[in-house]
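Good morning, and thank you for the time on today's agenda. I should like to take you through one structure, beginning with its ligand and ending with its backbone.

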Amino acid sequence: MAMIIDGKTISGQIKDELKEKAARKREAGVNITLAVIQVGADPASSVYVRNKKKGCEYIGIGSEAYELPEQTTQEELLRLIDELNHKEEINGILVQLPLPSHIDEDTVIRAIDPKKDVDGFHPQSVGALCIGQPGFVSCTPAGIIQLLKRSGITIEGKECVVLGRSNIVGKPMAILLLRENATVTIAHSRTQNLKEVTKRADILIVAIGKPKMITADYIKEGAVVIDVGINRDESGKLCGDVDFESAASVCSAITPVPGGVGPMTIAMLLNNCMESADL
Ligand code: NDP
């Protein structure tokens, strides 16, 4: 039977460690505050924003919520970001994505001061990651590295296949695995003979946004499977990109959805907020 990699427990441990760190910082007179900006009232975004605020409360750092109406212009949003960039008491700025279609996400991400870019999406943060310089790392891939390490799974020397090449998951994931001395392959929708490629993986990381697409026949016996996907199945239930039952019959360890990668993303965001105080 495959080991379940429990993201809820591991993220809880990280949050408790951060809570202690935050208390020590407060004692030393350092207060940390995250600014969270949401434009419009997309229900999924509202849930994420609420969870981020709750996370800040739990570890004992401040959060300021900016809930802007759907019709907010790009200029208004950029003005707010500029204000927050200059506010000393704000350590991190997070703009909840997706933004309404009249606002260009790239322009908004570039407007955030890289020293406050706790999501790790600014080109400067991404560039720093690529050349091994210090900088904020995108939270979901950083969380996956923690999941693997804290589950006692060796990354060094392993054959890792990252399925998906988005800027926020697939690409930074591949670079982080490389930094951990894995041999890394990135696969995507144009990859030929996908099953042959994924079956090479000792560690298979799936981030494609296709409900339950990855079944046992994509997986090498004994591999570790990390499912990043968050989807709804036919009955509206949350599910990953991996068919859990099928995959669990061949792999040695697997993350569930929910309760795997998801909780780690917020834990790593809080970790980035904590680091922002040291910049
Ligand atoms: P994107 O849609 O940005 O990227 C999907 C990637 O998957 C693309 O590179 C695409 O290839 C590839 N792909 C799509 N279909 C196939 C296929 N049939 N075979 C092979 N590759 C395919 O998605 P994200 O990276 O943003 O997110 C992926 C999933 O992870 C989603 O379910 C999302 O909800 C979830 N997610 C979860 C997070 C968490 O905290 N747990 C955080 C972020 C995302 P190509 O480039 O060729 O189009």
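Let me begin with a term: a polar contact is a pair of N or O atoms within 3.5 Å. Please keep in mind throughout that the model is predicted.

I turn to the ligand. Which residues are closest to the ligand? They are Arg165, Ser166, Ser189, Ile230 and Thr265, out of 23 residues that surround the ligand. In Ile230, a backbone N or O atom lies 3.1 Å from an oxygen atom of the ligand, and with the cut-off of 3.5 Å this pair is a polar contact. Arg165 uses its side chain instead: an N or O atom there is 2.7 Å from an oxygen atom of the ligand. For Asn231, a polar side-chain atom lies 3.4 Å from a ligand oxygen. Taken alone, the ligand exposes 930 Å², and the protein buries 70% of that area.

What is the make-up of the shell by class? There are ten nonpolar residues, ten polar ones and three charged ones around the ligand. Helix H10, residues 261-276, gives the most to this shell, with three residues.

Next, the sheet. Six strands form an open sheet, and their order is S1-S11-S8-S7-S5-S6, with parallel pairing. Why do S1 and S6 each have one side without a neighbour in the sheet? Strand S1 (3-4) and strand S6 (183-187) stand at the edges and have a single partner strand each, so one side of each is left free of a neighbour in the sheet. S1 runs parallel to strand S11, residues 253-254, and two bridges join them. Within this pairing, Ile4 stands opposite Ile254 in S11.

I now come to the aromatic rings. The count of aromatic pairs comes to zero. Two rings do, however, have a charge over them. Lys19 lies over the face of Tyr58, at 4.2 Å from the ring centre. Likewise, the charged end of Lys195 sits over the ring of Tyr218, 5.1 Å from its centre.

Finally, the backbone. As a general point, most residues other than glycine have a negative phi, and most peptide bonds are trans. Where, then, are the cis bonds that I wish to show? One runs from Leu97 to Pro98, with omega near 0°; Pro98 has its place in the loop between strand S4 (92-95) and helix H4 (105-111). Another runs from Val257 to Pro258, also with omega near 0°, and Pro258 is found in the loop between S11 and H10. Asn181 has a positive phi, near 70°, although this residue is not glycine. Asn181 lies in the loop between helix H7 (170-179) and S6.

That concludes my presentation, and I thank you for your attention.

Technical notes. Residues are numbered from 1 along each chain as its sequence is written. This is a predicted model: local features need pLDDT of at least 70, side-chain atom pairs count only at pLDDT 80 or more; totals for chains, interfaces and linings use all residues. Side-chain values use heavy atoms; hydrogens and water are left out. A residue is near a molecule or strand if one of its heavy atoms lies within 4 Å of it. A polar contact is a pair of N or O atoms within 3.5 Å; within protein, one must be able to donate a hydrogen and the other to accept it, and residues adjacent in sequence count only if both atoms are side-chain atoms. Accessible areas come from the Shrake-Rupley method with a 1.4 Å probe; for residues, only the protein chains shown count as cover. Helices (H or I, at least four residues) and strands (E, at least two) are DSSP runs, numbered from the N terminus. Ala, Val, Leu, Ile, Met, Phe, Trp, Tyr, Cys and Pro count as nonpolar, Asp, Glu, Lys and Arg as charged, and the others, Gly among them, as polar. Rings of Phe, Tyr and Trp (its six-membered ring) pair if their centres lie within 6.5 Å; planes under 30 degrees apart count as stacked, over 60 as edge-to-face and the rest as tilted. A charge sits over a ring if NZ of Lys or CZ of Arg is within 6 Å of the ring centre and within 35 degrees of the ring normal. Two strands pair if DSSP finds at least two bridges between them.
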